[in-house]
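Here is a walk through one protein chain, helix by helix and sheet by sheet. Have the model open and follow along.

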Amino acid sequence: MGITAKELAKKLNLSAAAVSMALHDQPGVSTETRKRVKLAAGKYGYDLSRIQNRKAQGGSIDFLVYKKSGAIVGDTPFFSELTDGIADTCSHLGWKLRITYLYESDLESRDLYSFFSADCRGVLILGTEMVTEDLRPFLALQVPFVLLDSYFETFLCDTVLINNVQGAYLAARHLIARCKTQPGFLKSSFPINNFRERADGFYKAIREAGMSPSQCIVHELTPSLTGAYADMKTILARKDPLARCYFAENDYIAAGALRAFREAGLRIPKDIAIVGFDNLPAGEVIDPPLTTINVPKRALGEEAVLRLVRRIENPNLPITKTEVAATLVDRYSC
C-alpha cells in the first residue's frame with residue numbers, strides 16, 4: 001500500500017501544506033523542496049495518479065469568509081446571494097469550491113495554509129469586516145487571491161467590491177430632489193470600509209447641492225434591524241432633533257429606524273423619508289416598502305471568481321480594482 005501525503009510530510013519533517021503544494025505544483029515552496037518531495041513520493045510509493053485526476057478537474061477555489069466580530073458578516077440574504085454567485089460560477093467553469101469561516105482568533109493559533117483544501121489553486125477572501133492589519137498575513141500567500149467586498153489603498157492586490165461611493169451618492173441625490181431639503185444620516189455604529197465609502201458618497205452629494213456637511217443631523221445606530229430599532233427608540237425618547245429625510249448605511253438600519261418612527265406616530269414618507277442600501281428582501285415587505293440602493297450581489301461573486309481564475313491562469317496580470325455599480329430602487333419610503 002502506497003504512502004499518504006500526511007505520512008510523507010512526517011518523513012520529510014515538512015508541513016502537510018508544504019507537501020501538498022509541492023506535489024500539486026503550486027507556489028509557496030522552493031524549487032529544492034518541490035524536487036525533494038517529488039523524489040520522496042516516488043521512492044515511498046505515493047499514488048501520483050491522484051494529482052493527475054485533480055488537475056483534470058481544475059482543482060479547488062477556497063472561499064475564506066473572514067469574521068472579525070460577526071456584526072456584519074453572517075447568515076444574511078446579502079451573503080447568501082453573494083455565495084450563490086461564487087458557487088454557480090465555480091461550477092460553470094469546472095472548479096470545486098470550498099467555503100471556510102475564518103475568525104480573527106484563528107490566525108493566532110493556526111498556520112494560514114492549514115485552512116486551505118489540498119488541491120487549492122486560488123483563494124477568495126471576504127474582507128467586509130477587515131481592517132488594514134487583518135489583511136497583512138494574507139499578503140504573504142504564495143497562492144493567487146482576490147479580496148472581495150473591501151479595499152485598502154496601502155496594499156496591492158486584486159479587489160472586487162461594490163461602488164459604495166456611487167450608490168450612496170445616488171441615494172442622497174434622490175433624497176434632495178424628492179424632499180427639497182438637507183438629508184440626515186443614519187450612520188452605522190460598527191465601522192467598516194464599505195460604510196466609510198458610503199459616507200463619502202453621501203457627503204459628496206451634500207456638497208454638490210451647496211449644503212454644508214456640518215449641518216447634517218447624524219444618528220449613530222447599530223447595523224441590525226433590532227439594534228437600529230432600539231437605538232432610534234432611545235433617540236426619539238430623548239427628543240433629539242430629527243431631519244426631514246435620511247440616508248441609512250444599510251437596509252437593516254433603515255428598516256429598524258422606520259419601525260421606530262412609525263411607532264412614534266410619524267408618517268413615512270410624509271413626515272420622514274428614508275432611503276436604505278443593499279436592497280434586501282425585507283425592504284419589499286415592510287410598510288411602506290423601502291426605497292433603497294440595489295447591489296448586484298450575485299454579480300459581485302461572479303466577478304470575483306472570474307478575476308481569480310484569470311489570475312491563476314496568468315500570474316503576471318496587472319493588479320485591478322473592480323467596482324460593481326449600484327442602482328436606485330424607488331419604492332414608497334421616499
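The expected span of a helix is 1.5 Å times one less than its number of residues. Helices (H or I, at least four residues) and strands (E, at least two) are DSSP runs, numbered from the N terminus. With 16 residues in α8, that rule gives 22 Å, and the end C-alpha atoms are indeed 22 Å apart, which agrees.

A word on ground rules. This is a predicted model, where local features need pLDDT of at least 70 and side-chain atom pairs count only at pLDDT 80 or more, while totals for chains, interfaces and linings use all residues. Residues are numbered from 1 along each chain as its sequence is written, and side-chain values use heavy atoms, with hydrogens and water left out.

**The overall picture**

The protein chain holds 13 helices and 12 strands. Its C-alpha trace spans about 80 × 35 × 35 Å along the principal axes. Of its 334 residues, 52% count as buried, meaning under 20% relative accessible area (exposed is over 50%, partly exposed in between; 1.4 Å probe, protein chains only). Contact here means heavy atoms within 4.5 Å. Among contacts between residues at least 6 apart in sequence, 72% join residues at least 24 apart. About 15,300 Å² of the chain is exposed, with carbon and sulfur atoms supplying 51% of that; accessible areas come from the Shrake-Rupley method with a 1.4 Å probe, and for residues only the protein chains shown count as cover.

**The six-strand sheet**

Two strands pair if DSSP finds at least two bridges between them. On that basis, 6 strands make an open sheet in the order β2-β1-β3-β4-β5-β11, with parallel pairing. β2 and β11 stand at the edges with a single partner strand each, so one side of each has no neighbour in the sheet. On average, neighbouring strands are turned by 20° against each other, direction ignored. Axes are lines fitted to C-alpha atoms, for helices over the stretch in contact, and angles run from 0 to 180 degrees between N-to-C directions.

Here are some of the pairings, all of them parallel:

| Strand pair | Bridges |
|---|---|
| β1 (residues 60–67) and β2 (residues 96–103) | 8 bridges |
| β1 and β3 (residues 120–126) | 6 bridges |
| β4 (residues 145–148) and β5 | 3 bridges |
| β5 and β11 (residues 321–324) | 4 bridges |

Want some landmarks to click on? Asp 62 stands opposite Arg 98 in β2, and Leu 64 has Ile 125 in β3 as its bridge partner. Further along, Val 146 is matched with Asp 158 in β5, while Leu 161 is matched with Glu 323 in β11.

β1 is largely enclosed by the rest of the structure, because 8 of its 8 residues are buried. Both faces are covered: Ser 60, Asp 62, Leu 64 and Tyr 66 are buried on one side, and Ile 61, Phe 63, Val 65 and Lys 67 on the other. β5 (residues 158–162) is mostly covered too, with 5 of its 5 residues buried. Helix α5 (residues 77–93) lies across β1, β2, β3, β4 and β5, running at about 145° to β2.

**The four-strand sheet**

Another open sheet has 4 strands in the order β7-β6-β8-β9, again with parallel pairing. Its edges are β7 (218–221) and β9 (273–275), each with a single partner strand, so one side of each is left free of a neighbour in the sheet. Neighbouring strands here are turned by 25° on average, direction ignored. β6 (residues 184–188) and β8 (residues 245–248) are joined by 3 bridges, and Gly 184 stands opposite Tyr 246. Helix α9 (residues 193–208) lies across β6, β7 and β8 at about 170° to β6. Helix α10 (residues 225–238) packs on this sheet too, touching β6 and β7, and makes about 135° with β7.

**Cores and α8**

A nonpolar core is a set of buried Ala, Val, Leu, Ile, Met, Phe, Trp, Tyr and Cys residues joined through side-chain atoms within 4.5 Å. Which residues have the most contacts inside the largest one? In that core of 47 residues, they are Ile 61, Ile 86, Leu 124, Leu 148, Phe 202 and Phe 247. Helix α8 (residues 164–179) gives the largest share, 7 residues. A separate core of 21 residues includes Tyr 66, Leu 102, Met 130 and Phe 155.

The buried residues of α8 pack against β5, α9, β8, β9, β10 (292–294) and β12 (327–329). Just after α8, Lys 180 takes a positive phi of about 60°.
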